[in-house]
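User: Please take a close look at the cysteines of this protein and explain their bonding state. I would also welcome an account of the setting in which they are found.

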Amino acid sequence: MAVRFLDKYAKGFYSDEEYSRVKELLVPADAKLRAESDVNEYKGWYGLPFDYDKEELEEIKRVAAKIQKDSDILLVIGIGGSYLGARAAIEFLKSQHYNAMKKDTPEIYFVGNSFSPDDFADIVSLCEGKDISVNVISKSGSTTESAIAFRFVRHLMLQKYTDAEIKERIFVTTDCKKGALKNFADRERLKTFVIPDDVGGRFSVLTAVGLLPIAVCGADIDEILAGAADMKRRMEAQGIDNEAYRYAVLRNVFYSQEKFIEILVSYEPSFRSMAEWWKQLFGESEGKGGKGIFPAAVTFSTDLHSLGQYIQDGKRCLFETVVKQTEVKNELYVPPNAVDIDGLGFLAGKKLSSVNSKALMGTLLAHTDGGVPNLVIEYDKRDERNLGELIYFFFLAVAVSGYMLGVNPFDQPGVEAYKRNMFALLGKDGYSELREELDKKLSELGH
Ligand code: PA5
């Protein structure tokens, strides 16, 4: 058992009645999750740890080995669910400094997740004189950020490689039948991987979307799937009171107390991208119809020196979920000083991990004293099994939590609003009426 959920530090923050009242929503939420559904309900992630395309998994490993052999750099083009999971996993398993570290696997850069020319130019300059492979990932095949980045990257590839070489270096992950990217890949005879129809972007890290880039960094993707399968098995064996569901119930208890912000807290900088992935998973799944807990994240002790003041002492609309790691990869001991100039001589010879865990405990007690309930999710270490367990734990929790809140956790209707405005302002065909409306608003604002 790698991942555990602990609610003992939050006990004084809710009554048994409050818990039972919210828990009543759990049985129908669980039934909804388990109910047979059609492909448009996007519940394909639920069975994924067991029910995946075994041949495709072998193909992912083969292509990952080819990319490792052929490339100094892998460029991963994608946005939202089409990149956050892979980035999170690579940093969690290897390091936030993965690219700068000495290794025999390619550097991996993520592009197409913004429109920033400066950021893209920086990455292009990193590619100078290097051998590149590309994994372009888009379920719809038409997301503007990734489509524009793919144009730039193809341009870069055409300057370096022949058409035949390019076919060996561009790998496409997209829908199995439809979309602009699928059509392009078929026309150019590029190697493709499939995003299953019934798996939405933010739930796709256990498909080729996440697994191909993750395998390129040298991680064992079988173990990640095995971790997710273990978590599914264990939660099912625990029944309706399982740990993921308890987390979901308590989130909704705090929400009913007008604690609208959940802060995911980690004490490991290499967890930072996991928190970005978690923010998308929870924010896009729950924030709709005027409802939802706002997902925020901090890394301590770093952010204790910035946001610590607010959390301790600001508006009491927060609760924290602390993700606690119990084993480190490399232990370090605080060095002695000949002269105790900093007054920290009492720490000499102590494990740095123990300073980190005392900081965690001290902060947790201070924040609960300050009126911020703390939930804790413990995992052993930054390895594939723990990663798979964590991913599936959060999938289960957000699915039932969303249903309990009364929203559909698998759609994202609000994401379209900015795109419509952007296309209108860029002059896309069919948007002229909206453009007039927006131009008027902007001119009133002095543009
Ligand atoms: O979770 C989601 O559905 C989104 O974040 C998408 O993953 C994101 O918008 C990218 O979409 P696509 O994969 O179609 O390019």
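Analyst: The account below takes up the cysteines and then turns to the protein as a whole and to one strand residue.

The model is a predicted one. A search of the entire structure returns 0 disulfides. A disulfide is a covalent bond between the sulfur atoms of two cysteines. The criterion applied here is a pair of cysteine sulfur atoms within 2.5 Å. For Cys127, the closest cysteine sulfur is that of Cys217, and because the separation is 18 Å, it is too far for a bond. The view from the other side agrees: the sulfur of Cys217 has its closest cysteine sulfur in Cys127, at 18 Å, which is likewise too far for a bond.

Are these two residues buried or exposed? The threshold for burial is a relative accessible area under 20%. Cys127 has a relative accessible area of 2% and therefore counts as buried. Cys217 is also buried, its relative accessibility being 2%.

These residues belong to a protein of which 51% of the 447 residues count as buried. Its secondary structure consists of 17 helices and 10 strands. The radius of gyration is 23 Å, which agrees with the value near 22 Å that a compact globule of 447 residues would have. Along the principal axes, the C-alpha trace spans about 60 × 60 × 55 Å. Of the contacts between residues at least 6 apart in sequence, 79% join residues that are at least 24 apart.

The surface and the charges complete the overall description. The accessible surface amounts to about 21,000 Å², and carbon and sulfur atoms account for 52% of that area. The side chains include 57 positive and 68 negative ones, and the centres of these two sets lie 1 Å apart.

A residue in one of the strands may be set beside the cysteines. Thr192 is located in strand S6, which covers residues 191–194. Thr192 has a relative accessible area of 24% and is therefore partly exposed, whereas Cys127 is buried at 2%. Apart from neighbours within four places in sequence, the contacts of Thr192 are with Val172, Lys182 and Ala185. Ser95 lies 97 residues from Thr192 along the chain, and the C-alpha atoms of the two are separated by 28 Å.

In summary, Cys127 and Cys217 are both buried, and the 18 Å between their sulfur atoms is too far for a bond.

Methods:
Residues numbered from 1 in each chain as written. Predicted model: local features only at pLDDT ≥ 70, side-chain atom pairs only at ≥ 80, totals over all residues. Heavy atoms only, no water. Helix = DSSP H or I, 4+ residues; strand = E, 2+ residues; numbered from the N terminus. Rg over C-alpha atoms; globule rule 2.2 N^0.38 Å. Buried < 20%, exposed > 50% of the residue type's maximum accessible area, 1.4 Å probe, protein only. Contact = heavy atoms within 4.5 Å. Areas by Shrake-Rupley, 256 points an atom, 1.4 Å probe, with all protein chains shown as cover. Lys, Arg positive; Asp, Glu negative; His and termini not counted. Charge placed at Lys NZ, Arg CZ, Asp CG, Glu CD.
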